[in-house]
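Hi,

Here is the structure I said I would pass on. Have a look at it first, and my notes follow underneath.

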Amino acid sequence: MSAKENFIWGVATAAHQVEGAWLEDGKGLNIWDAYSHTPGKITNEDTSAVACDHYHRYEEDVDLISDLGVGGYRFSISWARILPDGKGAVNQKGIDFYNRLIDGLLAKGVTPFVTLYHWDLPLALQMEDDGWLSYRTAEAFARYAEVCFEAFGDRVKHWMTFNENWCTAVLGNGTGLFAPGRVSDDEPYIVAHNLLLAHGLAVKAYRDGHYEGQIGIANNCDFREPLTDSDEDRAAAQESLEFFYGWLTDPVVFGEYPAIMRERLGDRLPEFTPEQKQLLKGSADFLGLNHYTTHYASRTDQVENAVSSEDGNGGISDDQQVVLSSDSDWPVTSMGWFVVPWGFRKMLNWIHERYNGLPIYVTENGTALANNDVETAIDDTERAEFIQSYTNAMKEAIEEDGVDVRGYFCWTLMDNFEWTRGYDMRFGLIFCDFETLERTPKASYYAYREIIQSS
Ligand code: NOJ
């Protein structure tokens, strides 16, 4: 990516997946603390109580980040560490921790990219206010965001309000797979609405505060390739992308949900008031993309290798009227996700075209290998090849298609708490031994460093 001097290579994590120290230094409980201690929810009954113990070992981790040769580190702040009950008193020890982390990164020349919300809602807000079903949570988020801007905004210049709102809405309140574990057809739309308003309020606070920096949002999307060239399948793919990325991104760029969603859902889709549209329109300086896989999309259910709605669209699949499938030639990762680098290139092009060239950061991309033995895990040629092929596809999008991609953050620095999959799914460039907490760089750590150095 030598053509782009301002391009940043990075690596990503999230607070709840790496920090541990769940009951230390005044931190409040969050919904994933509760969920991961609920029997039957997590593979092997793993909990996130200790995770990678990054809270205590962050200095070692900053060294590993720096030695990887990346220019940026994307991490998230634990809301309940800063405001233990979500909206009351500020916990100074929480602020102190992130100050130490940010200063440590800057001292090594690594730019912090900070996500304010990566799924770990303070439990009190779930219990007292029904979490994201309530607008009160959006208001609480805006206050939390302001506390963070004031504490860290002098040194953090790249902010993301939310990570993968699709997962919060669909997996948290649609299929019930993720915390808070609710099952509903309509709640995902209400949750998404409040998340979007929360984004708008936080961005307004940031801009009103005249901080020097950029603020955006990190949404996820799998690519949808039409199964055939028919008009029906092309429409199915396009509409599926609008229901996925467009749902959570159109409002922050255009101030409206995609027209197809209004058409399909009618008044099941909440409305923004004119003031809210104004608040949201143009509220992202950049768009984040977390991207992992691709599916074919079709209108007909006469397909081979159909992908279940659990793995594809979640509970909103009926609303989309789309049938997803895969190709038997596509390699599959341990998560059951298909490896399709050309889908990544097309995804970047789709975003570039739909959002009129707004800058894009690839805020996550990576792969899981379920391998719990250190000797075999560090020999992860498959991961190195995955990163090589996906970054090649990104390079083509930038250099041949003219897509404005400003950075790439590999998911993830080290094996960590993979939500409902516990410690069984390893996405890291570094092996983490969850007994001893020892970190061992894998072959992919060195391969990624090579990719960065030779770009
Ligand atoms: C997306 C999420 O943001 C991250 O938390 C998760 O670990 C990865 N995808 C892999 O599933």
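Asparagine 173 is where I'd begin: leaving aside its neighbours within four places in sequence, asparagine 173 is in contact with Leu133, Thr168, Pro180, Arg182, Val183, Ser184, Glu187, Pro188 and Val191. Bear in mind that this is a predicted model. Asparagine 173 sits in helix α8 (residues 165-173), and at 5% relative accessibility it counts as buried.

One of those contacts, proline 180, deserves a look too. You'll find proline 180 in the loop between α8 and α9 (187-208), partly exposed with a relative accessible area of 28%. With neighbours within four places in sequence set aside, proline 180 touches Ile31, Tyr35, Gln126, Gly172 and Asn173. The peptide bond joining alanine 179 and proline 180 is cis, with omega about 5°. If you want a long-range distance, proline 180 and glutamate 304 are 34 Å apart in space, C-alpha to C-alpha, and 124 residues apart in sequence.

On to the backbone. Most residues other than glycine have a negative phi, and most peptide bonds are trans. Here are some cases that go the other way:

- Tryptophan 411 to threonine 412 is a cis peptide bond, with omega near 20°; threonine 412 is in the loop between β11 and β12 (430-432).
- Aspartate 53 has a positive phi, near 55°. This residue lies in the loop between α2 (31-36) and α3 (54-68) and is buried, at a relative accessible area of 11%.
- Tryptophan 119 has a positive phi of about 80°. Its place is the loop between β3 (111-117) and α6 (123-129), and at 7% relative accessibility it counts as buried.

Tryptophan 119 also turns up among the rings. Ring pairs link Trp32, Tyr35, Trp119, Phe178, Phe417, Trp419, Tyr423 and Phe434 into a cluster.

The count of aromatic pairs comes to 50. One of them, tyrosine 206 with tyrosine 211, is stacked, at 5.2 Å centre to centre and 10° between the planes. Tyrosine 206 is buried at 2% relative accessibility, whereas tyrosine 211 is partly exposed at 25%. Phenylalanine 286 and tyrosine 361 make an edge-to-face pair, 4.9 Å centre to centre with 80° between the planes. Phenylalanine 286 is in the loop between α12 (274-280) and β7 (287-290) and tyrosine 361 is in strand β10, so this pair ties together parts that are 75 residues apart in sequence. Both rings belong to buried residues, phenylalanine 286 with a relative accessible area of 1% and tyrosine 361 with 6%.

Last, a helix pair. The axes of α14 (residues 341-354) and α16 (residues 381-399) come within 8 Å and cross at roughly 35°, and the crossing is right-handed. From α14, Pro341, Phe344, Arg345, Leu348 and Asn349 meet Ser389, Tyr390, Ala393, Met394, Glu396 and Ala397 of α16. By type, the residues of this contact are seven nonpolar, two polar and two charged.

What is the span of α16 from its first C-alpha to its last? The 19 residues of α16 reach 26 Å, close to the 27 Å expected at 1.5 Å a residue. Its buried residues are Arg383, Ala384, Phe386, Ile387, Tyr390, Thr391, Ala393, Met394, Ala397 and Ile398. These pack against β1 (8-12), α14, β10 (360-365), β11 (405-411) and α17 (443-453).

Cheers

Conventions. Residues are numbered from 1 along each chain as its sequence is written. This is a predicted model: local features need pLDDT of at least 70, side-chain atom pairs count only at pLDDT 80 or more; totals for chains, interfaces and linings use all residues. Side-chain values use heavy atoms; hydrogens and water are left out. Axes are lines fitted to C-alpha atoms, for helices over the stretch in contact, and angles run from 0 to 180 degrees between N-to-C directions. Helices (H or I, at least four residues) and strands (E, at least two) are DSSP runs, numbered from the N terminus. A crossing is left-handed if the near helix is turned anticlockwise from the far one by less than a right angle, and right-handed if clockwise. Contact means heavy atoms within 4.5 Å. Ala, Val, Leu, Ile, Met, Phe, Trp, Tyr, Cys and Pro count as nonpolar, Asp, Glu, Lys and Arg as charged, and the others, Gly among them, as polar. The expected span of a helix is 1.5 Å times one less than its number of residues. Buried means under 20% relative accessible area, exposed over 50%, partly exposed in between (1.4 Å probe, protein chains only). Rings of Phe, Tyr and Trp (its six-membered ring) pair if their centres lie within 6.5 Å; planes under 30 degrees apart count as stacked, over 60 as edge-to-face and the rest as tilted.
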